[in-house]
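Reader: I have a new model open on my screen and would like to walk through it with you. Could you take my questions one by one?

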Amino acid sequence: MFKFLKRNIMKMFRELLVYHHSSLEYRAKILTLMVSANGEICECEKQKLKEIAHSIYSDDHERAELLIDTVNEYHTKIVTNNGLDFEHLIMLVENETKEVPRFTSKIDMGLLMQLHECMDSEEDILFQQRIIEFLQGLKDEYGMV
């Protein structure tokens with residue numbers, strides 16, 4: 001009960017309570033682009049997302065869970081058209097990358113390709129490949145040398 005309450009408070013006030021929340025949210029937006037490509041998060045994507053979050057934050061289980069929750073929150077906003085759509089999310093990622101070039105180090109193609117393995121329809125594979133190419137382009141253009 002206490003963990004559930006603490007987790008919900010952290011989700012609601014992450015801007016105030018989470019150290020480097022902007023970095024976590026940037027990662028969440030990138031992962032959301034990948035898992036929202038086909039409209040819903042399948043079991044394979046849920047499992048891969050969990051593995052990715054725990055590999056990124058291997059020493060901080062709570063932060064990894066917060067990343068997963070944030071991805072799910074963004075995905076839900078996209079699916080329900082609740083103040084966020086896919087194109088707007090792409091613009092947010094592009095703008096944040098321009099404003100904070102060090103965020104390009106958060107774009108890990110190896111981890112993103114793990115999510116790519118979950119796609120089974122040719123159309124979804126192609127769409128997700130375009131997202132990967134877009135993110136690679138951002139990394140190439142704004143990456144710090």
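**A walk through the model**

Author: Happily! The structure holds 1 disulfide, and please keep in mind that this is a predicted model.

Reader: Which residue does the disulfide join to C44?

Author: A pair of cysteine sulfurs counts as a disulfide within 2.5 Å. Here the S to S distance is 2.0 Å. The partner joined to C44 is C118.

Reader: How many residues apart in sequence are the parts that this pair ties together?

Author: C44 belongs to helix 4, while C118 sits in the loop between helix 7 and helix 8. The link of these two cysteines is left-handed, with -70° about the S-S bond. Because of where the two cysteines lie, the disulfide ties together parts of the chain whose separation in sequence is 74 residues.

Reader: Is C118 buried or exposed?

Author: Buried means under 20% relative accessible area. C44, at 33% relative accessibility, counts as partly exposed. C118 has 11% relative accessibility, so C118 counts as buried.

Reader: Why is C42 not bonded to C118?

Author: C42 is partly exposed, with a relative accessible area of 23%. The closest cysteine sulfur to that of C42 is in C118. A disulfide needs sulfur atoms within 2.5 Å, so the pair is too far apart for a bond, at 4.9 Å.

Reader: Thanks, that clears up the cysteines. How many helices does the protein chain have?

Author: From the N terminus on, the elements run α-α-α-α-α-α-α-α. The protein chain has 0 strands, and its number of helices is 8.

Reader: Which helix gives the largest share of the largest nonpolar core?

Author: That core has 36 residues, and those with the most contacts inside it are L31, L67, L112 and L135. Elements giving two or more residues to this core include helix 4 (43-56), helix 5 (61-79) and helix 7 (109-116). The largest share is 8 residues, and these come from helix 3.

Reader: Which residues is L31 in contact with, leaving aside its neighbours within four places in sequence?

Author: L31 is among the residues with the most contacts inside the core. With its neighbours within four places in sequence left aside, the contacts of L31 are L49, I52, L67, V71, L112 and L115.

Reader: What about T32: buried or exposed?

Author: T32 is found in helix 3. Leaving aside neighbours within four places in sequence, T32 is in contact with V71, Y74, H75, I78 and L89. The cut-off for buried is under 20% relative accessible area. T32 is at 0% relative accessibility, so T32 counts as buried.

Reader: Let's turn to the aromatic rings. Is the pair of F86 and F127 stacked, edge-to-face or tilted?

Author: The count comes to 2 aromatic pairs. In one of them, F86 and F127 are 5.4 Å apart, centre to centre, with 40° between the planes. Planes under 30 degrees apart count as stacked and over 60 as edge-to-face, so the pair of F86 and F127 is tilted.

Reader: Which helix holds F127?

Author: F86, in helix 6 (residues 86-99), counts as buried at 10% relative accessibility. F127 counts as partly exposed at 37%. The pair links distant parts of the chain, 41 residues apart, and F127 is in helix 8 (residues 122-142).

Reader: One last thing: what percentage of the residues in the protein chain is buried?

Author: The accessible surface of the protein chain comes to about 8,400 Å², of which 55% belongs to carbon and sulfur atoms. Of the 145 residues in the chain, the buried ones make up 41%.

Note on methods: Residues are numbered from 1 along each chain as its sequence is written. This is a predicted model: local features need pLDDT of at least 70, side-chain atom pairs count only at pLDDT 80 or more; totals for chains, interfaces and linings use all residues. Side-chain values use heavy atoms; hydrogens and water are left out. Rings of Phe, Tyr and Trp (its six-membered ring) pair if their centres lie within 6.5 Å; planes under 30 degrees apart count as stacked, over 60 as edge-to-face and the rest as tilted. Helices (H or I, at least four residues) and strands (E, at least two) are DSSP runs, numbered from the N terminus. Buried means under 20% relative accessible area, exposed over 50%, partly exposed in between (1.4 Å probe, protein chains only). A nonpolar core is a set of buried Ala, Val, Leu, Ile, Met, Phe, Trp, Tyr and Cys residues joined through side-chain atoms within 4.5 Å. Contact means heavy atoms within 4.5 Å. Accessible areas come from the Shrake-Rupley method with a 1.4 Å probe; for residues, only the protein chains shown count as cover.
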